[in-house]
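Here's a quick tour for anyone meeting this structure for the first time. Have a look at it first, then read on.

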Number of protein chains: 2
Amino acid sequence: MGELKLQMNMDEYLPLRDVVFNTLRQGILTGELEPGERLMEIHLADRLGVSRTPIREAIRMLELEGLVTMIPRKGAEVSRISRQDIRDVLEVRLALDSLATKLACKRITDDQKEELKRAAEEFVEATVSGDATVIAQADVKFHDVILAASHNKRLIQMVNNLAERIYRYRLEYIKDRANHARLIEEHAKIMNCVIKGDEGSACIAAEIHIVNQENNMLSQIEE
Amino acid sequence: MGELKLQMNMDEYLPLRDVVFNTLRQGILTGELEPGERLMEIHLADRLGVSRTPIREAIRMLELEGLVTMIPRKGAEVSRISRQDIRDVLEVRLALDSLATKLACKRITDDQKEELKRAAEEFVEATVSGDATVIAQADVKFHDVILAASHNKRLIQMVNNLAERIYRYRLEYIKDRANHARLIEEHAKIMNCVIKGDEGSACIAAEIHIVNQENNMLSQIEE
DNA sequence: ACCTTTATTATTGTATACAATACTTGAAAA
DNA sequence: TTTTCAAGTATTGTATACAATAATAAAGGT
(Lines give C-alpha, C1' and ligand atoms only; values in the text may rest on other atoms or scores of the structure.)
Protein backbone atom coordinates (compact mmCIF):
# COMPACT_ATOMS: atom_id res chain seq x y z
CA MET A 1 0.00 0.00 0.00
CA GLY A 2 2.73 2.42 0.92
CA GLU A 3 4.57 1.04 -2.05
CA LEU A 4 1.62 1.80 -4.27
CA LYS A 5 1.31 5.30 -2.94
CA LEU A 6 4.98 5.86 -3.58
CA GLN A 7 4.51 4.64 -7.11
CA MET A 8 1.58 6.95 -7.50
CA ASN A 9 3.67 9.84 -6.29
CA MET A 10 6.25 9.00 -8.88
CA ASP A 11 3.63 9.10 -11.62
CA GLU A 12 2.09 12.23 -10.26
CA TYR A 13 5.42 13.97 -9.84
CA LEU A 14 5.25 17.51 -11.02
CA PRO A 15 7.81 20.22 -10.38
CA LEU A 16 6.36 22.83 -8.07
CA ARG A 17 6.52 25.37 -10.87
CA ASP A 18 3.97 23.30 -12.78
CA VAL A 19 1.74 22.94 -9.75
CA VAL A 20 1.89 26.69 -9.24
CA PHE A 21 1.35 27.27 -12.95
CA ASN A 22 -1.78 25.13 -12.97
CA THR A 23 -3.07 26.71 -9.79
CA LEU A 24 -2.63 30.28 -10.99
CA ARG A 25 -3.94 29.39 -14.44
CA GLN A 26 -7.07 27.91 -12.94
CA GLY A 27 -7.46 30.93 -10.72
CA ILE A 28 -7.25 33.27 -13.66
CA LEU A 29 -9.60 31.26 -15.87
CA THR A 30 -12.26 30.97 -13.18
CA GLY A 31 -12.00 34.65 -12.43
CA GLU A 32 -10.84 34.10 -8.87
CA LEU A 33 -7.86 36.20 -9.83
CA GLU A 34 -9.29 39.25 -11.52
CA PRO A 35 -7.85 41.04 -14.53
CA GLY A 36 -5.49 43.76 -13.40
CA GLU A 37 -4.83 42.08 -10.06
CA ARG A 38 -1.19 42.17 -9.10
CA LEU A 39 0.61 38.89 -8.60
CA MET A 40 3.15 39.48 -5.88
CA GLU A 41 5.73 36.79 -5.51
CA ILE A 42 6.19 36.70 -1.76
CA HIS A 43 2.47 36.86 -1.19
CA LEU A 44 1.78 33.98 -3.57
CA ALA A 45 4.72 32.02 -2.20
CA ASP A 46 3.36 32.28 1.32
CA ARG A 47 -0.15 31.40 0.23
CA LEU A 48 0.95 28.34 -1.72
CA GLY A 49 3.60 27.33 0.78
CA VAL A 50 6.54 27.39 -1.59
CA SER A 51 9.47 29.68 -2.23
CA ARG A 52 9.60 32.47 -4.77
CA THR A 53 11.54 30.39 -7.30
CA PRO A 54 8.71 28.18 -8.53
CA ILE A 55 6.35 31.15 -8.41
CA ARG A 56 8.60 33.17 -10.67
CA GLU A 57 9.00 30.33 -13.12
CA ALA A 58 5.25 29.80 -13.25
CA ILE A 59 4.74 33.49 -13.91
CA ARG A 60 7.20 33.32 -16.80
CA MET A 61 5.08 30.55 -18.29
CA LEU A 62 1.80 32.36 -17.72
CA GLU A 63 3.36 35.40 -19.33
CA LEU A 64 4.07 33.50 -22.52
CA GLU A 65 0.57 32.02 -22.44
CA GLY A 66 -0.65 35.58 -22.36
CA LEU A 67 -2.54 35.16 -19.10
CA VAL A 68 -0.35 37.58 -17.18
CA THR A 69 1.41 40.75 -18.23
CA MET A 70 4.79 41.82 -16.91
CA ILE A 71 5.52 45.40 -16.03
CA PRO A 72 9.29 45.80 -15.73
CA ARG A 73 10.50 46.17 -12.17
CA LYS A 74 6.91 46.31 -11.10
CA GLY A 75 5.88 42.72 -11.39
CA ALA A 76 3.13 40.67 -12.94
CA GLU A 77 -0.55 41.33 -13.16
CA VAL A 78 -3.42 39.29 -14.53
CA SER A 79 -3.84 40.33 -18.15
CA ARG A 80 -6.64 42.73 -18.84
CA ILE A 81 -8.72 41.41 -21.70
CA SER A 82 -10.16 44.04 -23.99
CA ARG A 83 -13.14 43.59 -26.26
CA GLN A 84 -10.73 43.82 -29.14
CA ASP A 85 -8.68 40.97 -27.70
CA ILE A 86 -11.76 38.80 -27.60
CA ARG A 87 -12.68 39.74 -31.14
CA ASP A 88 -9.16 38.90 -32.28
CA VAL A 89 -9.25 35.54 -30.56
CA LEU A 90 -12.64 34.66 -31.99
CA GLU A 91 -11.57 35.61 -35.48
CA VAL A 92 -8.60 33.26 -35.34
CA ARG A 93 -10.55 30.56 -33.61
CA LEU A 94 -13.13 30.53 -36.35
CA ALA A 95 -10.46 29.83 -38.92
CA LEU A 96 -8.72 27.20 -36.84
CA ASP A 97 -11.86 25.38 -35.76
CA SER A 98 -12.93 25.28 -39.36
CA LEU A 99 -9.55 23.84 -40.29
CA ALA A 100 -9.78 21.27 -37.53
CA THR A 101 -13.17 20.14 -38.73
CA LYS A 102 -11.96 19.87 -42.31
CA LEU A 103 -8.97 17.80 -41.27
CA ALA A 104 -11.10 15.65 -38.99
CA CYS A 105 -13.25 14.71 -41.99
CA LYS A 106 -10.19 13.34 -43.72
CA ARG A 107 -8.47 11.69 -40.82
CA ILE A 108 -10.93 10.60 -38.19
CA THR A 109 -10.47 6.97 -37.18
CA ASP A 110 -13.28 4.52 -36.59
CA ASP A 111 -12.60 4.61 -32.88
CA GLN A 112 -12.85 8.36 -32.89
CA LYS A 113 -16.14 8.18 -34.78
CA GLU A 114 -17.54 6.06 -31.97
CA GLU A 115 -16.10 8.44 -29.42
CA LEU A 116 -17.70 11.35 -31.22
CA LYS A 117 -21.11 9.71 -31.18
CA ARG A 118 -20.74 8.99 -27.50
CA ALA A 119 -19.67 12.58 -26.81
CA ALA A 120 -22.69 13.92 -28.66
CA GLU A 121 -24.99 11.66 -26.66
CA GLU A 122 -23.37 12.63 -23.42
CA PHE A 123 -23.84 16.27 -24.24
CA VAL A 124 -27.56 15.70 -24.72
CA GLU A 125 -27.71 13.88 -21.39
CA ALA A 126 -25.78 16.67 -19.75
CA THR A 127 -28.26 19.29 -20.90
CA VAL A 128 -31.01 17.21 -19.32
CA SER A 129 -29.15 17.12 -16.03
CA GLY A 130 -28.98 20.90 -16.04
CA ASP A 131 -25.68 21.06 -14.15
CA ALA A 132 -23.66 23.83 -15.77
CA THR A 133 -20.29 22.27 -15.06
CA VAL A 134 -21.32 18.92 -16.49
CA ILE A 135 -22.72 20.57 -19.61
CA ALA A 136 -19.58 22.60 -20.13
CA GLN A 137 -17.41 19.52 -19.71
CA ALA A 138 -19.51 17.57 -22.20
CA ASP A 139 -19.25 20.38 -24.72
CA VAL A 140 -15.49 20.59 -24.28
CA LYS A 141 -15.30 16.83 -24.70
CA PHE A 142 -17.20 16.91 -27.98
CA HIS A 143 -14.93 19.56 -29.42
CA ASP A 144 -11.86 17.81 -28.10
CA VAL A 145 -12.76 14.66 -30.01
CA ILE A 146 -13.02 16.57 -33.27
CA LEU A 147 -9.84 18.43 -32.50
CA ALA A 148 -8.03 15.18 -31.76
CA ALA A 149 -9.38 13.73 -35.00
CA SER A 150 -7.53 16.45 -36.90
CA HIS A 151 -4.35 14.62 -35.92
CA ASN A 152 -2.44 17.87 -35.91
CA LYS A 153 -0.72 18.44 -32.59
CA ARG A 154 0.16 22.04 -33.26
CA LEU A 155 -3.42 22.82 -34.20
CA ILE A 156 -4.71 21.13 -31.07
CA GLN A 157 -2.35 23.14 -28.92
CA MET A 158 -3.22 26.43 -30.57
CA VAL A 159 -6.96 25.96 -30.44
CA ASN A 160 -6.77 24.97 -26.80
CA ASN A 161 -4.74 28.06 -26.07
CA LEU A 162 -7.32 30.25 -27.76
CA ALA A 163 -10.21 28.48 -26.07
CA GLU A 164 -8.58 29.16 -22.73
CA ARG A 165 -8.84 32.88 -23.24
CA ILE A 166 -12.56 32.89 -23.90
CA TYR A 167 -13.38 30.16 -21.43
CA ARG A 168 -15.49 32.28 -19.13
CA TYR A 169 -17.64 33.76 -21.87
CA ARG A 170 -18.17 30.40 -23.47
CA LEU A 171 -19.32 29.07 -20.13
CA GLU A 172 -22.06 31.67 -19.92
CA TYR A 173 -23.28 30.77 -23.37
CA ILE A 174 -23.33 27.06 -22.69
CA LYS A 175 -25.08 27.44 -19.37
CA ASP A 176 -28.03 29.22 -20.91
CA ARG A 177 -30.84 26.68 -21.40
CA ALA A 178 -32.19 28.74 -24.27
CA ASN A 179 -29.22 27.67 -26.39
CA HIS A 180 -29.30 23.96 -25.66
CA ALA A 181 -31.63 22.87 -28.43
CA ARG A 182 -29.58 24.71 -31.01
CA LEU A 183 -26.31 23.40 -29.61
CA ILE A 184 -27.54 19.82 -29.78
CA GLU A 185 -28.70 20.30 -33.33
CA GLU A 186 -25.45 21.91 -34.39
CA HIS A 187 -23.42 19.15 -32.78
CA ALA A 188 -25.46 16.53 -34.60
CA LYS A 189 -24.97 18.30 -37.90
CA ILE A 190 -21.21 18.62 -37.42
CA MET A 191 -20.94 15.02 -36.25
CA ASN A 192 -22.80 13.63 -39.23
CA CYS A 193 -20.76 15.62 -41.72
CA VAL A 194 -17.48 14.62 -40.10
CA ILE A 195 -18.43 10.96 -39.97
CA LYS A 196 -19.55 11.04 -43.59
CA GLY A 197 -16.34 12.84 -44.45
CA ASP A 198 -18.20 15.68 -46.11
CA GLU A 199 -15.60 18.42 -45.69
CA GLY A 200 -17.53 21.25 -47.24
CA SER A 201 -20.69 20.79 -45.20
CA ALA A 202 -18.73 20.04 -42.04
CA CYS A 203 -16.81 23.29 -42.28
CA ILE A 204 -19.96 25.25 -42.86
CA ALA A 205 -21.67 23.58 -39.92
CA ALA A 206 -18.68 24.20 -37.69
CA GLU A 207 -18.46 27.82 -38.75
CA ILE A 208 -22.14 28.39 -38.04
CA HIS A 209 -21.63 26.79 -34.64
CA ILE A 210 -18.74 29.11 -33.84
CA VAL A 211 -20.36 32.21 -35.25
CA ASN A 212 -23.38 31.65 -33.04
CA GLN A 213 -21.11 31.39 -30.04
CA GLU A 214 -19.21 34.45 -31.17
CA ASN A 215 -22.26 36.60 -31.46
CA ASN A 216 -23.35 35.62 -28.00
CA MET A 217 -19.96 36.27 -26.46
CA LEU A 218 -19.59 39.61 -28.19
CA SER A 219 -22.99 40.73 -26.95
CA GLN A 220 -22.01 39.55 -23.45
CA ILE A 221 -18.96 41.76 -23.64
CA GLU A 222 -20.89 44.82 -24.72
CA GLU A 223 -22.79 44.81 -21.45
CA MET B 1 26.82 62.77 -22.51
CA GLY B 2 26.95 60.56 -19.48
CA GLU B 3 23.42 61.68 -18.86
CA LEU B 4 22.41 60.58 -22.33
CA LYS B 5 24.03 57.21 -21.96
CA LEU B 6 22.21 56.70 -18.71
CA GLN B 7 18.97 57.55 -20.43
CA MET B 8 19.74 55.09 -23.17
CA ASN B 9 20.40 52.39 -20.67
CA MET B 10 17.04 53.04 -19.13
CA ASP B 11 15.36 52.63 -22.49
CA GLU B 12 17.35 49.57 -23.35
CA TYR B 13 16.78 47.94 -19.98
CA LEU B 14 15.92 44.31 -20.30
CA PRO B 15 15.88 41.80 -17.50
CA LEU B 16 18.67 39.28 -17.96
CA ARG B 17 16.10 36.55 -18.50
CA ASP B 18 14.98 38.33 -21.65
CA VAL B 19 18.53 38.78 -22.86
CA VAL B 20 19.17 35.10 -22.26
CA PHE B 21 15.85 34.22 -23.88
CA ASN B 22 16.70 36.16 -27.03
CA THR B 23 20.21 34.77 -27.14
CA LEU B 24 19.13 31.15 -26.81
CA ARG B 25 16.21 31.68 -29.18
CA GLN B 26 18.52 33.09 -31.81
CA GLY B 27 20.93 30.24 -31.25
CA ILE B 28 18.21 27.68 -31.77
CA LEU B 29 16.74 29.37 -34.84
CA THR B 30 20.09 29.71 -36.55
CA GLY B 31 20.96 26.13 -35.79
CA GLU B 32 23.93 27.04 -33.64
CA LEU B 33 22.21 25.03 -30.94
CA GLU B 34 21.23 21.79 -32.57
CA PRO B 35 18.03 19.85 -31.99
CA GLY B 36 18.53 17.37 -29.20
CA GLU B 37 21.38 19.35 -27.67
CA ARG B 38 21.15 19.55 -23.93
CA LEU B 39 20.88 22.95 -22.34
CA MET B 40 22.69 22.72 -19.04
CA GLU B 41 22.08 25.57 -16.69
CA ILE B 42 25.49 25.99 -15.12
CA HIS B 43 27.20 25.64 -18.43
CA LEU B 44 24.99 28.29 -20.04
CA ALA B 45 25.26 30.51 -16.98
CA ASP B 46 29.04 30.43 -17.17
CA ARG B 47 29.06 31.03 -20.90
CA LEU B 48 26.71 33.99 -20.70
CA GLY B 49 28.19 35.32 -17.49
CA VAL B 50 25.01 35.25 -15.43
CA SER B 51 23.60 33.08 -12.67
CA ARG B 52 21.30 30.13 -13.11
CA THR B 53 18.19 32.10 -12.21
CA PRO B 54 17.77 34.06 -15.46
CA ILE B 55 18.82 30.98 -17.41
CA ARG B 56 16.08 28.93 -15.83
CA GLU B 57 13.46 31.56 -16.44
CA ALA B 58 14.50 31.90 -20.06
CA ILE B 59 14.24 28.13 -20.46
CA ARG B 60 10.70 28.20 -19.06
CA MET B 61 9.81 30.74 -21.73
CA LEU B 62 11.48 28.79 -24.51
CA GLU B 63 9.63 25.73 -23.30
CA LEU B 64 6.28 27.41 -23.77
CA GLU B 65 7.37 28.69 -27.16
CA GLY B 66 8.05 25.07 -28.00
CA LEU B 67 11.69 25.64 -28.84
CA VAL B 68 12.98 23.51 -25.98
CA THR B 69 11.62 20.39 -24.39
CA MET B 70 11.86 19.60 -20.71
CA ILE B 71 12.68 16.15 -19.46
CA PRO B 72 11.78 15.94 -15.78
CA ARG B 73 14.79 15.96 -13.50
CA LYS B 74 16.95 15.71 -16.57
CA GLY B 75 16.77 19.22 -17.88
CA ALA B 76 16.08 20.98 -21.13
CA GLU B 77 17.07 20.10 -24.65
CA VAL B 78 16.56 21.86 -27.93
CA SER B 79 13.32 20.50 -29.36
CA ARG B 80 13.71 17.87 -31.99
CA ILE B 81 11.57 18.79 -34.95
CA SER B 82 10.02 15.85 -36.75
CA ARG B 83 8.77 15.87 -40.31
CA GLN B 84 5.31 15.55 -38.88
CA ASP B 85 5.84 18.65 -36.75
CA ILE B 86 6.77 20.62 -39.85
CA ARG B 87 3.74 19.30 -41.70
CA ASP B 88 1.52 20.26 -38.78
CA VAL B 89 2.96 23.75 -38.62
CA LEU B 90 2.63 24.28 -42.36
CA GLU B 91 -0.95 23.08 -42.32
CA VAL B 92 -1.90 25.63 -39.68
CA ARG B 93 0.20 28.33 -41.23
CA LEU B 94 -1.60 27.96 -44.52
CA ALA B 95 -4.93 28.59 -42.85
CA LEU B 96 -3.67 31.51 -40.80
CA ASP B 97 -1.79 33.20 -43.59
CA SER B 98 -4.86 32.91 -45.72
CA LEU B 99 -6.91 34.47 -42.94
CA ALA B 100 -4.37 37.26 -42.53
CA THR B 101 -4.52 38.04 -46.22
CA LYS B 102 -8.30 38.08 -46.19
CA LEU B 103 -8.39 40.43 -43.23
CA ALA B 104 -5.71 42.62 -44.76
CA CYS B 105 -7.93 43.14 -47.79
CA LYS B 106 -10.62 44.54 -45.55
CA ARG B 107 -8.51 46.56 -43.17
CA ILE B 108 -5.33 47.73 -44.80
CA THR B 109 -4.75 51.46 -44.39
CA ASP B 110 -3.47 53.76 -47.09
CA ASP B 111 -0.15 54.05 -45.30
CA GLN B 112 0.15 50.30 -45.20
CA LYS B 113 -0.62 50.09 -48.91
CA GLU B 114 2.35 52.36 -49.56
CA GLU B 115 4.45 50.33 -47.21
CA LEU B 116 3.44 47.16 -49.00
CA LYS B 117 4.44 48.59 -52.38
CA ARG B 118 7.76 49.64 -50.95
CA ALA B 119 8.31 46.21 -49.40
CA ALA B 120 7.60 44.51 -52.71
CA GLU B 121 10.07 46.78 -54.49
CA GLU B 122 12.70 46.22 -51.86
CA PHE B 123 12.31 42.49 -52.23
CA VAL B 124 12.99 42.79 -55.96
CA GLU B 125 16.07 44.88 -55.23
CA ALA B 126 17.21 42.37 -52.65
CA THR B 127 17.07 39.50 -55.12
CA VAL B 128 19.30 41.55 -57.43
CA SER B 129 21.83 42.06 -54.66
CA GLY B 130 22.03 38.32 -54.16
CA ASP B 131 22.76 38.55 -50.43
CA ALA B 132 20.78 35.77 -48.77
CA THR B 133 20.28 37.61 -45.49
CA VAL B 134 19.05 40.74 -47.23
CA ILE B 135 16.63 38.72 -49.37
CA ALA B 136 15.28 36.87 -46.36
CA GLN B 137 14.79 40.12 -44.46
CA ALA B 138 12.96 41.66 -47.39
CA ASP B 139 10.68 38.67 -47.66
CA VAL B 140 9.93 38.75 -43.95
CA LYS B 141 9.24 42.46 -44.24
CA PHE B 142 6.72 41.95 -47.03
CA HIS B 143 4.83 39.35 -45.09
CA ASP B 144 4.99 41.42 -41.92
CA VAL B 145 3.27 44.30 -43.65
CA ILE B 146 0.38 42.11 -44.74
CA LEU B 147 0.22 40.55 -41.31
CA ALA B 148 0.15 43.96 -39.66
CA ALA B 149 -2.60 45.01 -42.07
CA SER B 150 -4.80 42.25 -40.65
CA HIS B 151 -4.98 44.37 -37.50
CA ASN B 152 -5.35 41.26 -35.38
CA LYS B 153 -2.70 41.10 -32.68
CA ARG B 154 -3.39 37.52 -31.72
CA LEU B 155 -3.11 36.43 -35.34
CA ILE B 156 0.15 38.32 -35.77
CA GLN B 157 1.57 36.66 -32.69
CA MET B 158 0.51 33.18 -33.73
CA VAL B 159 1.77 33.42 -37.29
CA ASN B 160 5.09 34.75 -36.08
CA ASN B 161 5.34 31.88 -33.66
CA LEU B 162 4.70 29.38 -36.43
CA ALA B 163 7.08 31.11 -38.81
CA GLU B 164 9.77 30.87 -36.17
CA ARG B 165 9.63 27.11 -36.24
CA ILE B 166 10.18 26.79 -39.95
CA TYR B 167 12.58 29.68 -40.24
CA ARG B 168 15.54 27.64 -41.32
CA TYR B 169 13.73 25.77 -44.06
CA ARG B 170 12.16 28.93 -45.35
CA LEU B 171 15.61 30.46 -45.52
CA GLU B 172 16.84 27.72 -47.82
CA TYR B 173 13.88 28.21 -50.12
CA ILE B 174 14.32 31.95 -50.29
CA LYS B 175 18.04 31.75 -50.89
CA ASP B 176 17.63 29.65 -54.00
CA ARG B 177 17.91 31.95 -57.04
CA ALA B 178 15.74 29.56 -59.04
CA ASN B 179 12.72 30.63 -56.97
CA HIS B 180 13.20 34.38 -57.15
CA ALA B 181 11.24 35.07 -60.30
CA ARG B 182 8.26 33.13 -58.99
CA LEU B 183 8.46 34.78 -55.57
CA ILE B 184 8.46 38.24 -57.11
CA GLU B 185 5.50 37.37 -59.27
CA GLU B 186 3.57 35.88 -56.35
CA HIS B 187 4.28 38.90 -54.19
CA ALA B 188 3.03 41.20 -56.92
CA LYS B 189 -0.14 39.17 -57.30
CA ILE B 190 -0.84 39.15 -53.58
CA MET B 191 -0.07 42.83 -53.27
CA ASN B 192 -2.39 43.84 -56.08
CA CYS B 193 -5.26 41.77 -54.75
CA VAL B 194 -4.83 43.13 -51.24
CA ILE B 195 -4.63 46.72 -52.43
CA LYS B 196 -7.70 46.24 -54.60
CA GLY B 197 -9.44 44.59 -51.66
CA ASP B 198 -10.23 41.48 -53.66
CA GLU B 199 -10.46 38.96 -50.82
CA GLY B 200 -11.13 35.86 -52.88
CA SER B 201 -8.24 36.32 -55.27
CA ALA B 202 -5.93 37.48 -52.51
CA CYS B 203 -6.54 34.34 -50.48
CA ILE B 204 -5.95 32.14 -53.49
CA ALA B 205 -2.75 33.97 -54.34
CA ALA B 206 -1.54 33.74 -50.75
CA GLU B 207 -2.37 30.06 -50.57
CA ILE B 208 -0.50 29.33 -53.77
CA HIS B 209 2.46 31.26 -52.37
CA ILE B 210 2.46 29.22 -49.19
CA VAL B 211 1.83 25.90 -50.89
CA ASN B 212 4.83 26.45 -53.12
CA GLN B 213 6.95 27.13 -50.05
CA GLU B 214 5.48 24.12 -48.33
CA ASN B 215 6.32 21.75 -51.15
CA ASN B 216 9.87 22.98 -51.19
CA MET B 217 10.29 22.67 -47.44
CA LEU B 218 8.77 19.23 -47.34
CA SER B 219 11.09 18.01 -50.07
CA GLN B 220 14.02 19.55 -48.14
CA ILE B 221 13.01 17.55 -45.15
CA GLU B 222 12.78 14.28 -47.01
CA GLU B 223 16.49 14.42 -47.75
C1' DA C 1 -1.59 74.41 3.71
C1' DC C 2 1.33 72.70 0.13
C1' DC C 3 5.27 71.37 -2.10
C1' DT C 4 9.77 69.21 -1.91
C1' DT C 5 12.94 66.27 -0.17
C1' DT C 6 14.49 62.44 2.27
C1' DA C 7 14.05 58.14 4.77
C1' DT C 8 11.73 53.87 4.97
C1' DT C 9 9.64 50.05 3.14
C1' DA C 10 8.02 46.80 -0.23
C1' DT C 11 9.05 44.40 -4.28
C1' DT C 12 11.41 42.76 -8.08
C1' DG C 13 15.92 41.14 -10.13
C1' DT C 14 19.89 38.36 -9.48
C1' DA C 15 23.05 35.28 -7.21
C1' DT C 16 24.11 31.66 -4.29
C1' DA C 17 23.36 27.77 -1.15
C1' DC C 18 21.25 23.53 -0.12
C1' DA C 19 18.54 19.16 -1.25
C1' DA C 20 17.17 15.51 -4.09
C1' DT C 21 17.83 12.81 -7.90
C1' DA C 22 19.97 10.64 -11.86
C1' DC C 23 24.07 9.40 -14.18
C1' DT C 24 28.89 7.49 -14.30
C1' DT C 25 32.67 5.05 -13.06
C1' DG C 26 35.02 1.59 -10.85
C1' DA C 27 35.52 -2.41 -8.20
C1' DA C 28 34.17 -6.81 -6.66
C1' DA C 29 31.87 -11.11 -7.33
C1' DA C 30 29.84 -14.63 -10.24
C1' DT D 1 34.34 -11.58 -19.14
C1' DT D 2 30.27 -9.85 -17.62
C1' DT D 3 27.20 -8.24 -14.25
C1' DT D 4 25.93 -5.96 -10.25
C1' DC D 5 26.43 -2.92 -6.69
C1' DA D 6 28.21 1.23 -4.62
C1' DA D 7 30.49 5.50 -4.24
C1' DG D 8 31.10 9.66 -6.26
C1' DT D 9 29.81 13.25 -9.46
C1' DA D 10 26.97 16.13 -12.14
C1' DT D 11 22.64 18.26 -12.63
C1' DT D 12 18.22 19.71 -11.70
C1' DG D 13 14.74 21.42 -8.15
C1' DT D 14 13.95 24.47 -4.39
C1' DA D 15 14.93 27.85 -0.90
C1' DT D 16 17.19 31.74 0.73
C1' DA D 17 20.20 35.81 0.67
C1' DC D 18 21.62 39.98 -1.31
C1' DA D 19 21.18 44.12 -4.53
C1' DA D 20 18.71 47.48 -7.01
C1' DT D 21 14.74 49.93 -7.80
C1' DA D 22 10.25 51.91 -7.15
C1' DA D 23 6.51 53.20 -4.11
C1' DT D 24 5.25 55.29 0.22
C1' DA D 25 5.32 58.04 4.10
C1' DA D 26 7.16 61.47 6.98
C1' DA D 27 9.47 65.69 7.89
C1' DG D 28 10.94 70.14 6.83
C1' DG D 29 10.85 74.48 4.51
C1' DT D 30 8.24 77.93 1.99
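What follows is a short report on the surroundings of one DNA strand and on a single residue.

## Ground rules

This is a predicted model, so local features need pLDDT of at least 70 and side-chain atom pairs count only at pLDDT 80 or more, while totals for chains, interfaces and linings use all residues. Residues are numbered from 1 along each chain as its sequence is written, chains are lettered from A and ligands numbered from 1 in the order in which they are written, and side-chain values use heavy atoms, with hydrogens and water left out.

## Around DNA strand C

There are 21 residues around DNA strand C, and A:Met40, A:Arg52, B:Leu16, B:Ser51 and B:Thr53 come nearest. (A residue is near a strand if one of its heavy atoms lies within 4 Å of it.) They divide into 8 nonpolar, 3 polar and 10 charged. Here Ala, Val, Leu, Ile, Met, Phe, Trp, Tyr, Cys and Pro count as nonpolar, Asp, Glu, Lys and Arg as charged, and the others, Gly among them, as polar.

On the DNA side, 66% of the strand C atoms within 4 Å of the protein belong to sugar or phosphate, and the rest to bases. A phosphate oxygen of strand C sits 3.4 Å from a polar backbone atom of A:Glu41. For the side chain of B:Arg17, an N or O atom is 3.5 Å from a phosphate oxygen of that strand.

## A look at A:Gln137

A:Gln137 belongs to helix α7 (residues 132-149) of chain A; helices are DSSP runs (H or I, at least four residues), numbered from the N terminus. With a relative accessible area of 56%, A:Gln137 is exposed, which means over 50% (1.4 Å probe, protein chains only). Its C-alpha atom is 9.8 Å from that of A:Leu171, 34 residues apart along the chain.

Note on methods
Helices (H or I, at least four residues) and strands (E, at least two) are DSSP runs, numbered from the N terminus. Buried means under 20% relative accessible area, exposed over 50%, partly exposed in between (1.4 Å probe, protein chains only). A polar contact is a pair of N or O atoms within 3.5 Å; within protein, one must be able to donate a hydrogen and the other to accept it, and residues adjacent in sequence count only if both atoms are side-chain atoms.
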